[in-house]
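Work through the exercises below with the model open beside you. Try each task before reading its solution.

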Protein chains: 2
Amino acid sequence: MAPQKDKILKLPTIQRLPNYLHIAKTLKDNGEENVSTTYLANKIGLDSIVVRKDLAVTGVNGRPGVGYNSENLIDAIESFLGWDKISDAFVIGTGCLGSALLGHNGFAAHGLNVIAGFDNDPNKINTEVAGKKIFQMEKLADLTVRMRVKLGILCVPAEHAQETTDKMIDAGITGIWNFTPVNIEVPENVITHQQDLASGLAVLSLKLSKKMTRV
Amino acid sequence: MAPQKDKILKLPTIQRLPNYLHIAKTLKDNGEENVSTTYLANKIGLDSIVVRKDLAVTGVNGRPGVGYNSENLIDAIESFLGWDKISDAFVIGTGCLGSALLGHNGFAAHGLNVIAGFDNDPNKINTEVAGKKIFQMEKLADLTVRMRVKLGILCVPAEHAQETTDKMIDAGITGIWNFTPVNIEVPENVITHQQDLASGLAVLSLKLSKKMTRV
């Protein structure tokens, strides 16, 4: 069965896919050949029907009473998300968060290869973070073209977010993973996704203040 | 108008509130007294009706043709999210990501005061990251009680996530912001929120592979 590209994809479904993937990989590492919908549903705290719907978007086939073959499930999710094709990325802004992302070893498993950092601070230029070199911002355009990088991870302070975005786009970056709280403006051909840590904190704060029990 | 606590809160609404807050604060800093629904809608790339519905949960009142008073809007969002009451938190696991969170200066504005880190690595004990002391894990229970900390930010490697969670709960932590990819198991009285960076990467990957244009 081919992935159902025509189906309307829901954001929560996509956000849960890495979760299913992690569970399937853990089971496979433990020698489990199959994974049942019930097991996945219990692990994630959702109804089995939701799990089945979620996984249907990847085109994977389950068998009644058996569940999914762990390896098929892993392949289906990774190929659906495009994580089986490694792509390279630059980190722009190597403060605390940018440095953490340079050193984060969880991205490679998802097809993301962070290869270098860029910064304005003269003290950082030509140093390394987690074995990855930090270049001056002026070199971004040249290296983006030479290394054929399309993806930039934006980690600069909020007040520099838009001007840095403009520089990234001028350099030829067409996908921006935005870790700033700023709603950056980009032309139509540039894809962005905002990863605002404050959004997560908002959900947690509300849960803690007991205004909601489940979101 | 009191916050409409009875309304069903939608996750995307809550996740957008910090976004509105950021825009309102920027406008207020620039001397703008009011902010229109249209302006907010354009900035975030949503319909005005969605913006109005989102903000209604906070209980703020807008005026036709004028919009919201920037200061009222800021107060309403911060008070709704509980960000006007500072709460203290520990970072558990001070690798790359944990260190970044210790040094992240954006949390204080949201009522989160990260006061110390905990780690197992003897080389890190009693050092400081961003002016915050790193303690050994064995001290967690004692310090949680003495400093009345309820919130822990979990940043350990995936393979230690559950055992560390158990230690945090034994120590008296009742809210866990989980930065690992693991679905940690907690008793009913403990609140958790998972901040999996892979979820954001999943959304971005799909956008980039043109399977979706908007989520």
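**Exercise 1.** Is B:Lys25 buried, partly exposed or exposed? Then find its salt-bridge partner and place both residues in the fold.

*Solution.* Start with accessibility. B:Lys25 has a relative accessibility of 26%, so it counts as partly exposed (buried is under 20% relative accessible area, exposed over 50%, partly exposed in between; 1.4 Å probe, protein chains only). Next, the partner. B:Lys25 forms a salt bridge with B:Glu78 (a side-chain nitrogen of Lys or Arg within 4 Å of a carboxyl oxygen of Asp or Glu). The closest N and O atoms are 3.0 Å apart. Now the location. B:Lys25 sits in helix α1 (residues 11–29) of chain B and B:Glu78 in helix α4 (residues 70–81) of chain B. Helices are DSSP runs of H or I, at least four residues; strands are runs of E, at least two; both are numbered from the N terminus. The pair is 53 residues apart and links distant parts of the chain. Last, B:Glu78 counts as buried, because its relative accessibility is 15%.

The model is predicted: local features need pLDDT of at least 70, side-chain atom pairs count only at pLDDT 80 or more, and totals for chains, interfaces and linings use all residues. Residues are numbered from 1 along each chain as its sequence is written, chains are lettered from A and ligands numbered from 1 in the order in which they are written, and side-chain values use heavy atoms, with hydrogens and water left out.

**Exercise 2.** Where do B:Asp142 and B:Arg146 lie?

*Solution.* Both lie in helix α6 (residues 140–146) of chain B. They are four residues apart, about one turn of the helix. They form a salt bridge, with the closest N and O atoms 3.1 Å apart. B:Asp142 is partly exposed at 41%. B:Arg146 is exposed at 60%.

**Exercise 3.** Why does the pair A:Glu185 and B:Lys43 join two chains?

*Solution.* First the bridge: the closest N and O atoms of A:Glu185 and B:Lys43 are 3.6 Å apart. A:Glu185 lies in the loop between β8 (175–178) and β9 (191–194) of chain A, and B:Lys43 in helix α2 (residues 37–44) of chain B, so the pair joins two chains. B:Lys43 is partly exposed, at 31%. Over all chains, the structure holds 10 salt bridges.

**Exercise 4.** What turn and shift lay chain A on chain B?

*Solution.* A turn of 180° and a shift of 0.0 Å along the axis do it, with an RMSD of 0.0 Å (least squares on the C-alpha atoms of residues with pLDDT of at least 70 in both copies). That is the relation of a two-fold axis. The same surface serves both copies: 100% of the contact residues of chain A recur in chain B (contact means heavy atoms within 4.5 Å). Of the residues of chain A, A:Ala100 comes closest to the rotation axis, its C-alpha at 3.0 Å.
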